[in-house]
Each structure stands twice: as C-alpha cells, then as structure tokens.
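Work through the exercises below with the sequence and the 3D view open. Each task is followed by a solution in steps.

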Amino acid sequence: NISPSNAFQDFISQIVVVIFHYWIGLVEPHQEGEWTWVDGTDFSSTPTFWAEGQLDNWDFRENGEDCGQLHASVKRIRKLWNDADCNLSYRFICETKA
Ligand SMILES: [Ca+2]
Ligand SMILES: [Ca+2]
C-alpha cells in the first residue's frame with residue numbers, strides 16, 4: 001500500500017519535479033474530513049503531511065477541495081500536501097508492484 005512515512009515522503013520529494021503538483025491517490029469523496037486513500041489503506045493509520053495553512057477546503061470553486069496533492073514548492077526539501085480541486089489536471093503518482 002501507499003504507507004506514507006517520513007522516509008517515503010523524502011524519497012518521493014527527491015524524484016518528482018519540484019515545480020509541478022502531483023495527485024497522490026488521496027480523496028475526500030463523501031464528507032468533509034473523511035480523507036481516504038484510494039488503495040484502501042486506513043487514512044487514520046498513516047501520518048499526514050499537510051503543508052502550512054493547508055487543508056483549507058478553499059471554495060474558490062463551488063465544490064471546495066476534495067483531492068489531496070503533493071504541493072509544488074521550490075523552497076521545501078520535503079514536499080507537503082495540499083487539498084485541491086479534483087477537476088484540475090495535474091501530474092500523478094501511481095503505485096505498482098516491484
Ligand atoms: Ca474538502
Ligand atoms: Ca487547499
């Protein structure tokens with residue numbers, strides 16, 4: 001499974017292109033606050049990496065923000081999460097068997 005951890009977050013941070021956002025398989029499909037990993041991993045069992053001021057459910061668009069992304073940053077070494085509008089087109093990170 002995805003199993004976020006400090007080590008995993010740092011690994012991902014090293015291989016992505018820093019100026020792009022990436023979808024990471026994190027969604028909030030039903031109610032505010034019910035974040036869910038798409039692979040079925042229990043969200044409450046994993047650490048969270050929300051960026052400062054994030055998880056803000058910004059309602060610039062009518063439906064708020066219900067998908068988690070790895071947030072672009074040229075400043076941070078460890079990239080962090082932002083909740084974003086699911087309709088936006090970003091790059092994405094997929095998991096596969098080794
Ligand atoms: Ca939301
Ligand atoms: Ca946000």
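**Exercise 1. Strand partners of Cys67**

Task: Which residue is the bridge partner of Cys67 in E4, and which strands does E3 pair with through 4 bridges?

Solution.
Step 1. Look across from Cys67 to E4: the bridge partner there is Ala84. This and everything below is read from a predicted model.
Step 2. Extend this to the strands: E3 and strand E4 (residues 81-84) run antiparallel and are joined by 4 bridges.
Step 3. Turn to strand E1 (residues 22-27), which pairs with E3 in the antiparallel sense, also over 4 bridges. Here Val27 has Cys67 as its bridge partner, and Trp23 has Gln69.

**Exercise 2. The faces of E3**

Task: Are the two faces of strand E3 (residues 67-70) covered or open?

Solution.
Step 1. Sort the residues by side. In a regular strand, side chains alternate between the two faces of the sheet.
Step 2. For E3, Cys67 and Gln69 belong to one side, and Gly68 and Leu70 to the other.
Step 3. Check burial on each side: these four residues are all buried, and both faces of E3 are covered.

**Exercise 3. The other partners of E1**

Task: In which sense, parallel or antiparallel, does E1 run with E5, and in which with E2?

Solution.
Step 1. Take strand E5 (residues 91-92): 2 bridges join E5 to E1, and the two run parallel. In this pairing Tyr22 stands opposite Arg91.
Step 2. Take E2: E1 and E2 run antiparallel and are likewise joined by 2 bridges. Opposite Val27 in E2 is Thr36.
Step 3. Place the pairings in the chain as a whole, which has 1 helix and 5 strands. Read from the N terminus, the order of elements is α-β-β-β-β-β.

**Exercise 4. The largest nonpolar core**

Task: Which residues form the largest nonpolar core, and which element gives the most to it?

Solution.
Step 1. Recall the general tendency: in soluble globular proteins, nonpolar side chains tend to be buried together.
Step 2. List the members. The largest core has 8 residues, namely Trp23, Ile24, Leu26, Trp35, Phe49, Cys67, Leu70 and Trp81.
Step 3. Assign them to elements: at least two residues of this core come from E1, and at least two from E3. E1 gives the most, with 3 residues.
Step 4. Examine one member, Ile24. Beyond four places away in sequence, Ile24 touches Gly68, Gln69, Leu70 and Ile93.

**Exercise 5. The setting of Trp81**

Task: Why does Trp81 count as buried, and which residues does Trp81 contact outside its sequence neighbourhood?

Solution.
Step 1. Locate the residue: Trp81 lies in strand E4.
Step 2. Apply the cut-off, which is 20 or more other C-beta atoms within 10 Å. Trp81 counts as buried because it has 20 C-beta neighbours inside 10 Å.
Step 3. Leave out the residues within four places in sequence. The contacts of Trp81 are then Phe49, Trp50, Ala51, Gln54, Gly68, Gln69, Leu70 and His71.
Step 4. Compare sequence with space: Trp81 and Ile24 are 57 residues apart along the chain, and their C-alpha atoms are 9.1 Å apart.

**Exercise 6. Positive phi in a loop**

Task: Where in the chain are Leu55 and Asn57, and how exposed are they?

Solution.
Step 1. Locate both residues: Leu55 sits in the loop between strand E2 (36-37) and E3, and Asn57 is in the loop between E2 and E3 as well.
Step 2. Read the backbone angles. Leu55 is not a glycine, yet has a positive phi of about 70 degrees; Asn57, also not a glycine, has a positive phi of about 45 degrees.
Step 3. Count neighbours. Leu55 has 17 other C-beta atoms within 10 Å and is therefore partly exposed. Asn57 has 13 within 10 Å, so Asn57 is partly exposed too.

**Exercise 7. Helix and overall dimensions**

Task: Is Ala7 buried or exposed, and what radius of gyration does the chain have?

Solution.
Step 1. Ala7 belongs to helix H1 (residues 6-15). Ala7 counts as exposed because it has 9 C-beta neighbours inside 10 Å.
Step 2. Ala7 and Arg78 are 71 residues apart along the chain, with 9.9 Å between their C-alpha atoms.
Step 3. The chain has a radius of gyration of 13 Å, which agrees with the value near 13 Å for a compact globule of 98 residues.

How values were computed
Residues are numbered from 1 along each chain as its sequence is written. Chains are lettered from A and ligands numbered from 1 in the order in which they are written. This is a predicted model: local features need pLDDT of at least 70, side-chain atom pairs count only at pLDDT 80 or more; totals for chains, interfaces and linings use all residues. A residue is buried if 20 or more other C-beta atoms lie within 10 Å of its own, exposed if 12 or fewer, and partly exposed in between; C-beta atoms are placed from the backbone. Two strands pair if DSSP finds at least two bridges between them. A nonpolar core is a set of buried Ala, Val, Leu, Ile, Met, Phe, Trp, Tyr and Cys residues joined through C-beta atoms within 7 Å. Two residues are in contact if their C-beta atoms, placed from the backbone, lie within 7 Å. The radius of gyration is taken over C-alpha atoms; the globule rule is 2.2 Å times the number of residues to the power 0.38.
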